[in-house]
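Here's a quick look at a model, starting with an annotated domain and then moving on to the overall build of one chain. Have the structure open while you read.

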Amino acid sequence: MTVQETILSVRNLNKVYETPAAWGRAGTRTHVVHDVSFDIQRGEILGLMGESGSGKTTIGRLILQLLHATSGQVALEGCDLCGMTTQALRPLRARMQMIFQDPLFAFNPRHTVHQILGTPLRLHPELVERHGPVDEQIRHVLSQVGLPADVVHRYPKAFSGGQRQRIGIARALIMRPSLIVADEATSALDVCVQAQILNLLLDLRDELDLTILFIAHDLTAMGLVCDRVAVMLRGRIVEIAPTSELFSRPRHPYTASLLQAIPRIGTKAMPGVAPCMPGKGTQVQDGDGGCPFRMSCRWAVAQCAHNGTALRLLEKDHWSACVREDLDLPGL
Amino acid sequence: MTTRDTVLEVDGLSVGFGPQAPNALPPVIEDVSFSVRRGEIVCLVGESSSGKSVTSLALMGLLPPSARITGEIMLHGREAGEPSLDLLQLSRRARNRIRGHRISMVFQDPMNCLDPIFSIGNQLVEILRWHNALSRVEAWRQGIGYLHAVGINQPDVCMKRMPHELSGGMRQRVMIAMALAGKPELLIADEPTTALDVTVQAQVLDLLLRLRTQTGMSVIFITHNLAVASRIADRIIVMYAGQIVENSSAESFFTRPAMPYSRALLDALPTVDMIRQGQKRLKTISGNVPGLAERPAGCRFFPRCVHGVAAMCDSGSPVLQSAGADHLVRCRRWEEISA
């Protein structure tokens, strides 16, 4: 990267689900994404890591405008997407693509690979004008993801999990997007196949200068492919830093507890030393202004009840929301 | 090994599906033999379509009637005088008495295994009363005890909850509590942590270890993740294309993996060291697991193996041979490769 060019800029993104009061039952407000801000530069892979329910998938969908944000901004290459009409968004959708966890459910089972890859081009004829005929582009993109050209007449169910994920990636690539959101793209795959797909994503990034938002809960995979990682907890980003920094010197106790939970070869688990983690019984009320991790945190102090939601810059590119800047937490 | 310290002995188990001979497909799993000791945690490791789930379903007697099963699955009694049972010869009724009572199973996706319209307590009480002659009140009381044993914070509140109100980790614990309700000697856990987050996964693994110590039950843990296996296993059994290719004590396996496939699996795993060193690319195994009809005649891993020698590996199926104490491997060249 010579000159940094911001592809995606997310500012103060919020998403609240409200159920109205009805039949004597009080309405509820669930704040699933809380004031989230980050940037992704061209050619960068940013990891978004968090447990289920932390809001990472919601953020992916908010960026792609598959959900409407309650407030905040999502700017793709400088144009703000929130508040655009469906009509105005349509030409922009080609510039951001998604790779799904299980591509079998993301494909029409009655469509051949040719139809799967050709449909997006049919909807965006300007890409055919610019980059050549459909068949040629399909052949090109299949070779990029390492599939033979003769698969075009086969149906999704005829492929193995890894091949299907390659088709999923090909469908995203054929639009020549500025941004790819990969939501748990390798979680459903076997270890060897996962390794192949992770390598493919890295190769494609180097070759095409792709920008990827990599959403996952698998920390080891994330540590391998991402340039920077953001850790989410209950709808907030609690720490964001370059990968090696974050893994070697975490500054938020929640990140440290996640790192301790990584299963690794050669360390046998000892009963009773499971890491501390936010359990259901220790749910912190939304919007009380305190750190969402404080109930499970062994370093919590009184200050944590009112502080610890805003990210602060600790050193170059390393942001953490924890008020205890003095902590020396174990990394990997 | 005397009868008493072995819970389960599987001998020459083969399972086939589809049309009868002469146009029958080759069996999905072939000549699977292993044994499980009392209190032992055995990890069955393999990629999808390696046959690990079919093996576990065969142990539970949950394969469809069309499956062609041969071999022997012996369940040994705890006391010396207790008879050993061949599970494949039992009637359906006799099988039902064993299932859930002496052998129980935890499945991968806890959401699909709980009935969405009954409360947790309701479902747990049903199981408890099925296995034991208990009053409703007593069963409810014991149910709370089981939920407590699997580490649920407020078990009495949890009993009244509906499945959708619980998180993934809680549901998986409820499933384990239900599996434990029959006080099984053997628990089969089919990828119980694959759908869970790392922290919850750590808790569930921790729980299995603790229960093993407390109750002395044996566990067959099925996973495709060797890092998870290394965390809890006493024994590792690696399956590939329907065969056991390595069967070893965990210690021996992780210090000296003998089968090239096991080594490749270990290499394909992103590790903490790689992240530390800033390494970006993973080693992969070229090609795919061969389909049922295209399994090679010789060593099944030969087409993908980096150590394969054409004249040696591509004809005649290799047999499991000893590669040290308590270590079996299905490779003719393991000695040269290890050297």
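Let's start with residues 8–266 of chain B: the span is 39% helix and 24% strand, and its end C-alpha atoms lie 28 Å apart. Keep in mind that this is a predicted model. Why pick that stretch? UniProt, in an unreviewed entry, lists residues 8–266 of chain B as "domain: ABC transporter". Chain A has its own listing, also from an unreviewed entry: residues 8–259 appear there under "domain: ABC transporter". Here are the two spans.

| Span | Helix | Strand | End C-alpha atoms apart |
|---|---|---|---|
| Chain A, residues 8–259 | 40% | 26% | 28 Å |
| Chain B, residues 8–266 | 39% | 24% | 28 Å |

Now for chain B as a whole. There are 14 helices and twelve strands in chain B. The radius of gyration of chain B is 21 Å, close to the 20 Å the globule rule gives for 339 residues, so chain B is as compact as a globular protein of that length. If you'd rather think in box dimensions, the C-alpha trace of chain B spans about 70 × 55 × 40 Å along its principal axes.

What about the inside? Of the 339 residues in chain B, 53% are buried. Take the contacts in chain B between residues at least 6 apart in sequence, and 66% of them join residues at least 24 apart.

On the outside, chain B has an accessible surface of about 14,600 Å², and carbon and sulfur atoms account for 53% of that. As for charge, chain B carries 36 positive and 32 negative charges, and their mean positions are 4 Å apart.

Key. Residues numbered from 1 in each chain as written. Chains lettered and ligands numbered in written order. Predicted model: local features only at pLDDT ≥ 70, side-chain atom pairs only at ≥ 80, totals over all residues. Heavy atoms only, no water. Helix = DSSP H or I, 4+ residues; strand = E, 2+ residues; numbered from the N terminus. Rg over C-alpha atoms; globule rule 2.2 N^0.38 Å. Buried < 20%, exposed > 50% of the residue type's maximum accessible area, 1.4 Å probe, protein only. Contact = heavy atoms within 4.5 Å. Areas by Shrake-Rupley, 256 points an atom, 1.4 Å probe, with all protein chains shown as cover. Lys, Arg positive; Asp, Glu negative; His and termini not counted. Charge placed at Lys NZ, Arg CZ, Asp CG, Glu CD. UniProt positions renumbered as here; feature names shortened; annotations may be inferred.
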